[in-house]
Structure formats: structure tokens, C-alpha cells
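Reader: I should be grateful for a close look at one part of this protein. Please describe the barrel and the surroundings of one residue within it.

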Amino acid sequence: MGLNFQRLLFVFIVQLLVVAGEFFKPFNVSYDGRAMIIDGKRRMLISGGIHYPRATPEMWPDLISKSKEGGVDVIETYVFWNGHEPVRGQYVFEGRYDLVKFVKQVAANGLYFFLRIGPYVCAEWNFGGFPVWLRDVPGIEFRTDNAPFKEEMERFVKKIVDLMREESLFSWQGGPIIMLQIENEYGNMESSYGSKGKDYMRWAAKMAVGLDAGVPWVMCKQVDAPENIIDTCNGYYCDGFKPNSNKKPIIWTEEWDGWYTCWGDSVPHRPAEDIAFAVARFFQRGGSFQNYYMYFGGTNFGRSAGGPNYITSYDYDAPLDEYGLLRQPK
């Protein structure tokens with residue numbers, strides 16, 4: 001049996017499973033001060049970051065399969081607002097932006113899913129993931145206690161949560177989604193907005209929880225996150241991190257196994273030995289959930305790369321390189 005035939009057979013089987021609907025027996029997700037609790041059992045979870053628009057749909061099955069073989073329990077991704085709503089009110093959920101298909105393919109492999117809605121994603125994606133038309137909304141001010149911005153943000157976040165619910169993709173529906181994220185690294189800049197920054201953070205948390213997704217929400221790098229939101233760590237090392245409540249588990253949303261590349265700079269590299277030691281120490285000191293950022297970095301297609309001077313490659317020195325090939329020894 002040739003390798004190409006095996007891959008085609010695998011893709012066909014995955015597509016059959018996707019059509020079949022329910023992937024797991026419905027289960028609940030909760031947490032305590034020790035761990036994430038999946039279907040009543042405390043779990044130590046390894047996650048791998050794969051951003052669906054930074055690959056092509058033809059690559060997704062192979063990337064997911066290789067991630068599973070590499071030992072991950074969960075696939076993590078941002079949600080890219082400017083890709084899904086390039087024109088206000090006109091949504092795109094096809095091609096590289098077919099989020100539902102991506103989630104279902106992850107589920108068909110028996111893996112869980114961590115959906116980071118944001119909607120701000122990161123500096124390495126054009127306009128931080130916000131659609132360009134958003135800046136032309138009258139009176140708008142981004143990521144603060146601003147009514148026009150909050151109205152548009154809530155509409156999009158609700159759109160994504162409702163879509164996942166309609167497709168039965170939350171854990172309690174037999175789907176793979178075990179966790180959601182609202183905002184991204186807002187704690188880095190909250191103080192620059194004064195009291196309006198804290199008001200916005202509290203609003204975002206309350207809005208997200210009010211959507212009744214039925215799974216935990218997190219805010220990364222948000223030391224003042226409300227009691228019902230898990231604050232988490234991003235960084236090269238998070239073994240010393242503690243959340244702001246002893247009722248919350250220790251979660252590492254981004255373990256940076258490399259870095260993005262800028263024009264004229266050297267290509268970043270992080271030794272596998274350093275990563276392995278950091279992960280072992282994180283779990284030794286009480287960690288519950290750790291996500292490799294990235295497991296597959298991929299490509300900033302078209303004009304999606306942010307700035308200044310970020311290149312189209314988002315290889316990230318990840319365990320799977322930009323082309324989806326194994327990078328050893330990572």
C-alpha cells in the first residue's frame with residue numbers, strides 16, 4: 001500500500017467520522033485548585049498550537065495526526081476575526097477559515113480542543129486579528145470600555161460560541177471543546193487605559209461567561225482576572241506561576257518553543273532539551289495544562305503577517321516545521 005494511498009484513505013475515514021456527528025460521549029469540564037477535571041477525573045494535559053489559517057485544509061489531517069503521535073491531548077488555536085468577517089456582516093467559514101471543519105477533524109482524532117476567541121489574537125497577525133473596517137466605526141476605541149467596540153466584539157464572540165453550539169462541538173454535547181479564551185494578554189496593557197481598562201476586562205469576562213458555553217473560560221497574563229475566569233501564564237518558563245486564586249488550576253497557555261522571524265534578523269531557535277526541562281519542571285511544581293506555542297507554526301499567507309517587518313513564515317522552530325515535516329529532536 002503506497003504512502004499516498006494511505007493518506008487518502010486516512011482523509012476519507014476522517015471525513016466519514018466528521019459527517020457522523022458525535023465524537024465523544026458527552027462529558028463535563030470543570031476544575032479545582034489542583035487540575036482541570038475532565039469527565040470527573042483530574043487530568044494533566046499536553047496541548048499543541050495549530051492555527052488553521054496558517055495551513056491549508058489539505059494539510060490539517062496530517063498535522064493533527066502527527067500532533068497526536070507526538071503525544072498531545074489537545075489542539076489549540078486562535079480565532080481570526082479579520083479572516084472570518086472581512087466585510088461587516090459578511091462571514092467566511094470556508095477554505096482556510098473553515099473553523100468547524102478543523103474542530104471536527106481534531107475531534108475525529110480523539111483529541112480535545114482549546115478555542116481562544118480573543119478576538120484580539122497577536123501582534124504577528126495583521127491588525128492583531130481585528131478586521132480593518134472596525135476602525136471606521138464612529139466613536140470606536142479599541143480594547144477599552146467603549147460602547148461601539150464592545151458591541152462589535154460581543155457580536156463576534158457570540159457568533160463563534162453560537163456556531164460551536166449549533167454544531168454540537170462543546171464537551172457536554174459530545175464535542176471536543178473543553179476550554180475557551182476571552183481577550184489575549186490584555187494584562188500587559190490594561191493599566192494604560194486607567195480605570196476604563198479594568199472596567200473593560202471585567203465586562204469582557206462577564207460577557208463571555210454569560211454566553212453559557214458550558215466550559216471554563218481563561219484570560220492569559222491577566223493577574224486580576226475575576227473569580228470565574230482562570231488566569232494563565234504565557235512565556236518560556238512558567239514553573240513559578242500561580243493563578244490569583246487557590247481554587248484555579250495552573251495553566252500554561254503559551255509555552256514558546258521558538259519565536260517569529262523578522263526581516264534581517266537571525267532565525268530563532270530554542271533547544272529541545274531546554275523545552276523538555278521547562279515542561280517537566282512545570283508539571284513537577286503543580287502544573288495541570290501546558291500548550292506548545294507553536295506545535296505547528298505554518299505560514300502567514302497573503303498579507304496576513306503583522307508588523308513591523310514580520311516575514312510570511314511562522315515556522316516558530318516548532319516540532320512540525322512550516323511544511324508539516326517532523327523537526328527532530330523536537
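Author: The account below begins with the barrel, then turns to one of its residues, a pocket and a separate sheet.

The model is predicted, so local features need pLDDT of at least 70 and side-chain atom pairs count only at pLDDT 80 or more, while totals for chains, interfaces and linings use all residues. Residues are numbered from 1 along each chain as its sequence is written, and side-chain values use heavy atoms, with hydrogens and water left out.

Eight strands close into a barrel in the order 4-5-6-7-8-9-10-11, with parallel pairing. Strands are DSSP runs of E with at least two residues, helices are runs of H or I with at least four residues, and both are numbered from the N terminus. Two strands pair if DSSP finds at least two bridges between them. From one strand of the barrel to the next, the twist averages 30°; axes are lines fitted to C-alpha atoms, for helices over the stretch in contact, and angles run from 0 to 180 degrees between N-to-C directions. Within the barrel, strand 7 (residues 177–182) and strand 8 (residues 217–220) pair in the parallel sense over two bridges. Leu-180 has Trp-217 of strand 8 as its bridge partner.

Helix 7 (residues 272–284) lies across strand 4 (45–50), strand 10 (250–256) and strand 11 (287–296), at about 155° to strand 11.

Asn-291 belongs to strand 11. Asn-291 has a relative accessible area of 0% and is therefore buried (under 20%; exposed is over 50% and partly exposed lies in between, with a 1.4 Å probe and protein chains only). Although Asn-291 and Ser-47 are 244 residues apart along the chain, their C-alpha atoms are separated by 4.2 Å. Beyond its neighbours within four places in sequence, Asn-291 is in contact (heavy atoms within 4.5 Å) with Ser-47, Gly-48, Gly-49, Glu-76, Trp-252, Thr-253, Glu-254 and Glu-255.

The second largest pocket is lined by 18 residues, and Cys-122, Ala-123, Glu-124, Glu-185 and Trp-259 lie nearest its centre. On a 1 Å grid over the protein atoms alone, a pocket is an open set of points where a 1.4 Å probe fits, with protein on both sides within 12 Å along at least five of seven lines; lining residues have an atom within 4 Å of a point.

Apart from the barrel, three strands form an open sheet in the order 1-2-3, with antiparallel pairing. Strand 1 (29–31) and strand 3 (41–43) each have a single partner strand, so one side of each lacks a neighbour in the sheet. Strand 1 is joined to strand 2 (residues 36–38) by three bridges, and Val-29 has Ile-38 of strand 2 as its bridge partner.
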